[in-house]
Amino acid sequence: MISHIDVSSVLRRSVCDLYSNLVTRPTGAAVRIGIEHHLDEIGDKSLAVLDFTHVGLLDFSCADEIVAKLLMQYVSVDIPRREVYFVFYGMNESHMDAIEAVLERHGLALVTQLAGGAAQLIGTVDGEERKAWEKICEMGSALPADLAAAMGMPADKAAKTLETLWRRRLVIRQESGYFPLRSTIQS
Amino acid sequence: MPPSLDDKSFELIFDQLAAVPPDVKILLDARRTRWSSPYGLTALLAVAQTRLERPTITVPENDDTASYWGRASFFKHADGLYDISGRVPRARQSAESSVLLEVTPVVHTQDIHTVVDNIQQRAHAILQEKLHLQSQITMRFTMVLSEICQNVIEHAGAGGWVAVQSYKWQQRLGGRNVVVIAVCDTGMGFRKSLESSPSHRPDDRWGDRMALEETVMRGVTRFRDPGRGQGLAGVKKFIGTWHGKLSVRSGTARIAVVPSWDQDEPMFDNLAAFPGSQVQITIPERMGDA
């Protein structure tokens with residue numbers, strides 16, 4: 001299931017209908033809780049597109065409360081609350097400044113996509129994982145054997161890399177293989 | 001009061017105040033003062049907050065100075081803290097005003113939303129047209145302002161004041177334009193903030209100086225959450241990118257991140273004690289060589 005969440009609407013609903021800027025920790029915490037409520041209403045396996053298109057400013061503290069704490073709950077734990085994948089959509093350069101800083105601080109990574117643009121992997125990802133992620137975007141989908149052949153790496157290593165990317169919710173795992181988040185949106 | 005009121009000359013006021021118990025009525029004589037930075041105006045309001053007996057301030061005799069203080073909303077807030085002696089000019093906002101953000105109280109989270117909303121449009125015009133900074137700086141500048149104001153609410157334990165102004169230096173940096181942010185509060189200050197952490201283990205060097213070094217230079221906070229401390233780190237990154245200057249005074253010490261164009265000392269210790277923290281950020285005009 002794909003769920004589109006307009007972050008500026010969550011801000012107006014959760015905090016104040018006059019606000020358009022994501023600033024301060026209390027604001028970030030309120031918006032994160034609003035997003036979590038939304039996620040509680042969708043299925044156990046879902047793709048959430050968090051749309052920042054109408055967000056004015058995002059400061060570091062708010063980015064930490066929304067992005068980092070959300071990812072840490074759903075991605076960066078051994079048993080996440082549910083199988084939720086995130087695509088951060090419509091972010092501008094200043095949003096990216098704040099988000100990249102918090103990702104680096106916590107060792108996290110995420111997939112972002114500009115309107116009409118290609119998906120991008122940002123944050124803390126090692127070189128091998130990044131190459132594998134880019135290859136799987138290029139291929140559209142892959143089983144470990146496909147990735148191993150395409151990258152010239154042992155099959156067990158390809159399987160391990162894909163599993164790591166999936167655990168970090170940077171690719172989607174299905175019975176038919178692993179899929180990049182971007183191609184899922186396009187479909 | 002000194003004729004020119006900025007972060008350096010304000011030390012003269014702190015020095016004089018240190019000798020006067022807080023329950024003694026004081027008079028701040030601004031009649032001969034002809035200029036004030038945002039730091040001067042916000043620190044004056046902070047001074048009044050530390051006094052048990054309501055102090056008196058005189059209005060500058062120079063009409064332009066008094067008019068500017070009025071436009072910057074100084075008298076509006078001073079009215080609640082001082083007995084004001086002299087004729088207060090009617091506050092009028094000029095279309096050409098260099099006041100980017102009038103003196104604004106920072107007490108609650110919603111005050112920061114107000115600050116951010118108020119400054120965005122004017123910041124865009126001044127930062128790009130006067131300071132020749134790239135368009136994307138407006139957002140980053142506002143992020144910095146937001147983070148500095150949040151420090152007041154989160155760490156000071158008491159409200160503070162913020163003001164932002166652009167002006168042209170007459171002599172320094174070949175007469176460049178600068179934009180200056182000042183945030184002053186009279187809260188617990190950096191040392192007491194760190195001392196409130198359960199993991200705090202003071203040694204014999206512990207004091208305001210070390211607290212400033214820990215927080216400003218090493219990003220230490222009283223919180224266990226590893227996500228904390230990013231605001232100040234972001235401020236320092238911004239300062240470095242745009243060749244700006246950051247100074248933070250707290251208690252009896254003052255630390256500064258000093259760019260190559262400035263001759264300031266990175267650390268002053270044993271200053272006159274004053275509660276809370278007083279922060280100033282200066283961003284200079286971008287020249288062709290920068």
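Start by selecting B:His243 in this predicted model. B:His243 counts as partly exposed, because 16 C-beta neighbours lie inside 10 Å, a count that falls between the 12 or fewer of an exposed residue and the 20 or more of a buried one. To place B:His243 along the chain, look at the loop between helix H9 (230-241) and strand E9 (245-251) of chain B. Check the backbone there too: B:His243 is not a glycine, yet its phi is positive, at about 55°.

Now move to B:Asn270, in the loop between strand E11 (267-268) and strand E12 (274-284) of chain B. This is another residue other than glycine with a positive phi, in this case near 60°. Is B:Asn270 buried or exposed? B:Asn270 counts as exposed, because the number of C-beta neighbours inside 10 Å is 10.

**Into helix H9 of chain B**

Next, select B:Gly234, which sits in helix H9 of chain B. With 23 other C-beta atoms within 10 Å, B:Gly234 is buried. What does B:Gly234 touch, leaving aside residues up to four places away in sequence? Its contacts are A:Phe60 and A:Ala101 from chain A, together with B:Met143, B:Val144 and B:Glu147 from chain B. If you like drawing distances, join the C-alpha atoms of B:Gly234 and B:Tyr39: the two residues are 195 residues apart in sequence and 21 Å apart in space.

**Where the two chains meet**

Colour chains A and B separately and turn to the contact between them. Here 17 residues of chain B are in contact with 20 residues of chain A. On the chain B side, helix H5 (109-130), helix H6 (137-156) and H9 each supply at least two residues. Which of these elements should you highlight to see the largest share of that side? Pick H6(B), which contributes seven residues. Colouring by residue class shows five nonpolar, ten polar and two charged residues on the side of chain B that touches chain A.

**The two domains of chain A**

Hide chain B for a while and select chain A in two pieces. The domain assignment gives domain 1 as 1-124 and domain 2 as 125-187. Taken over C-alpha atoms, the centres of these two domains of chain A are separated by 23 Å. Their contact takes 15 residues from domain 1 of chain A and 13 residues from domain 2 of chain A. To see where the domain 1 side comes from, select strand E2 (45-51), strand E3 (83-89), strand E4 (109-113) and strand E5 (119-123) of chain A, each of which supplies at least two residues. By class, the side of domain 1 that touches domain 2 in chain A has twelve nonpolar, three polar and no charged residues.

**Three helices in chain A**

For the last part of the tour, show three helices of chain A and take them in pairs.

Begin with helix H6 (residues 144-151) and helix H7 (residues 155-167) of chain A, whose axes come within 8 Å and cross at roughly 115°. That angle makes H6(A) roughly perpendicular to H7(A). The crossing of this pair, H6(A) and H7(A), is right-handed. Show the side chains of A:Pro144, A:Ala145, A:Leu147, A:Ala148 and A:Met151 in H6(A), which meet A:Ala155, A:Ala158, A:Ala159 and A:Leu162 in H7(A). The residues of this contact divide into nine nonpolar, no polar and no charged.

Keep H7(A) in view and add helix H5 (residues 127-139) of chain A: the axes of H5(A) and H7(A) come within 10 Å and cross at roughly 85°. H5(A) is therefore roughly perpendicular to H7(A). From H5(A), A:Glu128, A:Glu129, A:Ala132 and A:Trp133 meet A:Thr161, A:Leu162, A:Thr164 and A:Leu165 of H7(A). Here the class colours show four nonpolar, two polar and two charged residues.

Finally, show H5(A) with H6(A). Their axes are 11 Å apart and the helices pack at an angle of about 105°, so H5(A) and H6(A) are roughly perpendicular to each other. Select A:Lys131, A:Ala132, A:Lys135, A:Ile136 and A:Met139 on H5(A), then A:Asp146, A:Leu147, A:Ala150 and A:Met151 on H6(A), to see the residues that make the contact. By class, the contact of H5(A) with H6(A) has six nonpolar, no polar and three charged residues.

Methods. Residues numbered from 1 in each chain as written. Chains lettered and ligands numbered in written order. Predicted model: local features only at pLDDT ≥ 70, side-chain atom pairs only at ≥ 80, totals over all residues. Axes fitted to C-alpha atoms, helices over the stretch in contact; angles between N-to-C directions. Helix = DSSP H or I, 4+ residues; strand = E, 2+ residues; numbered from the N terminus. Parallel < 35°, antiparallel > 145°, perpendicular 65-115°, else oblique. Left-handed = near helix turned anticlockwise from the far one by under 90°. Contact = placed C-beta atoms within 7 Å. Nonpolar A, V, L, I, M, F, W, Y, C, P; charged D, E, K, R; others polar. Domains from an automatic or database assignment.
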